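Trainee: Could you take me through one part of this model up close? I'd like to see how the pieces there fit together.

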Amino acid sequence: MQLIYKKTTIPKLPMIILVSLLFFLFLLSQFPIHRKTTDHSNSSTDLRIRHGYTSYDSYIERQLNKTLNPKLRNIWTTRDWDRKVRVFSAFFDSLKRRSLLSNHSKALSIGARVGQEVAALKLVGVEDSVGIDLVPRPPLVVEGDFHAQPFDDETFDFEFSNVFDHALYPWKFVGEIQRTLKSGGVCVLHVALSRRTDKYSANDLYSVGPLVELFNGSDLVEVNKVDGFGLDTEVVFRKKIK
């Protein structure tokens, strides 16, 4: 039997389309494709942003629900005041003994609420201290959003915060600390690693790793266990000297 092969003719593309296609493929080879992402934690699963906020305004509103709660503010300024000032004073006195804080430091407390941390700093001799919070409480606390601190670059020698878990944008929170710290300045964070924080938290942290990645302009100095009002870990960074 004789097999007969029928020749198939592939239709030719118009020259202009062929040239355009080749040029498009060339461009793709020159520029990598980047996926848009809102995960600024360097893909680390140890820092997770909580969902549920439809806008930044809704996030601020929720934070204010806690900060402006009359019952809580009354507790913070009365029965809780002495106890918290005493505990924070012990923390800061320990930092002074380890040469991470001095009486000459210009200090900032981030998320200071009614100012217990600032009062404690002044009590141990760090007179040039101030706090920021969404709701001011003069003279200890001025109004400020920790995602966009109202201070000039390289203002402070020392910054303290125990509200990292309330940051909706942790990379902005850390970026502002590194911006407003002087070269060689110290930042101390108290965070929770072994338990989840309160219902007002905006993120959950499961290890120190994401903090080290975010503090890319600073060196990790110490990691210590603490007992700080539900927070269990103290992380100390020093801004690199330019």
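Mentor: Happy to! This is a predicted model, and a good place to start is V223, which is found in strand β8, spanning residues 218–228. V223 has a relative accessible area of 42%, so it counts as partly exposed; the cut-offs here are under 20% for buried and over 50% for exposed. Together with V212 and L220, V223 makes a nonpolar surface patch of about 220 Å².

From V223 we can step across to T233, since V223 is among the residues that T233 touches. T233 lies in strand β9, residues 231–239. Its relative accessibility is 2%, and therefore T233 counts as buried. Leaving aside residues up to four places away in sequence, T233 touches N224, K225 and V226 as well as V223, and also L189, H190, V191 and L193. The side chain of T233 also makes a polar contact, at 2.6 Å, with the side chain of D232.

For another view of burial, have a look at helix α5, residues 116–123, which is mostly covered: six of its eight residues are buried. Those buried residues are Q116, E117, V118, A119, A120 and L121. Their cover includes two helices, α3 (70–77) and α4 (81–97), along with strands β2 (107–110), β3 (129–133) and β5 (156–161). After α5 comes G125, where phi is positive, near 110°.

Methods:
Residues numbered from 1 in each chain as written. Predicted model: local features only at pLDDT ≥ 70, side-chain atom pairs only at ≥ 80, totals over all residues. Heavy atoms only, no water. Patch = residues over 30% accessible without salt bridge, like charges linked within 9 Å, V, L, I, M, F, W, Y side chains within 5 Å. Areas by Shrake-Rupley, 256 points an atom, 1.4 Å probe, with all protein chains shown as cover. Salt bridge = Lys/Arg side-chain N within 4 Å of Asp/Glu carboxyl O. Helix = DSSP H or I, 4+ residues; strand = E, 2+ residues; numbered from the N terminus. Buried < 20%, exposed > 50% of the residue type's maximum accessible area, 1.4 Å probe, protein only. Contact = heavy atoms within 4.5 Å. Polar contact = N/O pair within 3.5 Å; in protein donor to acceptor, adjacent residues only side chain to side chain.
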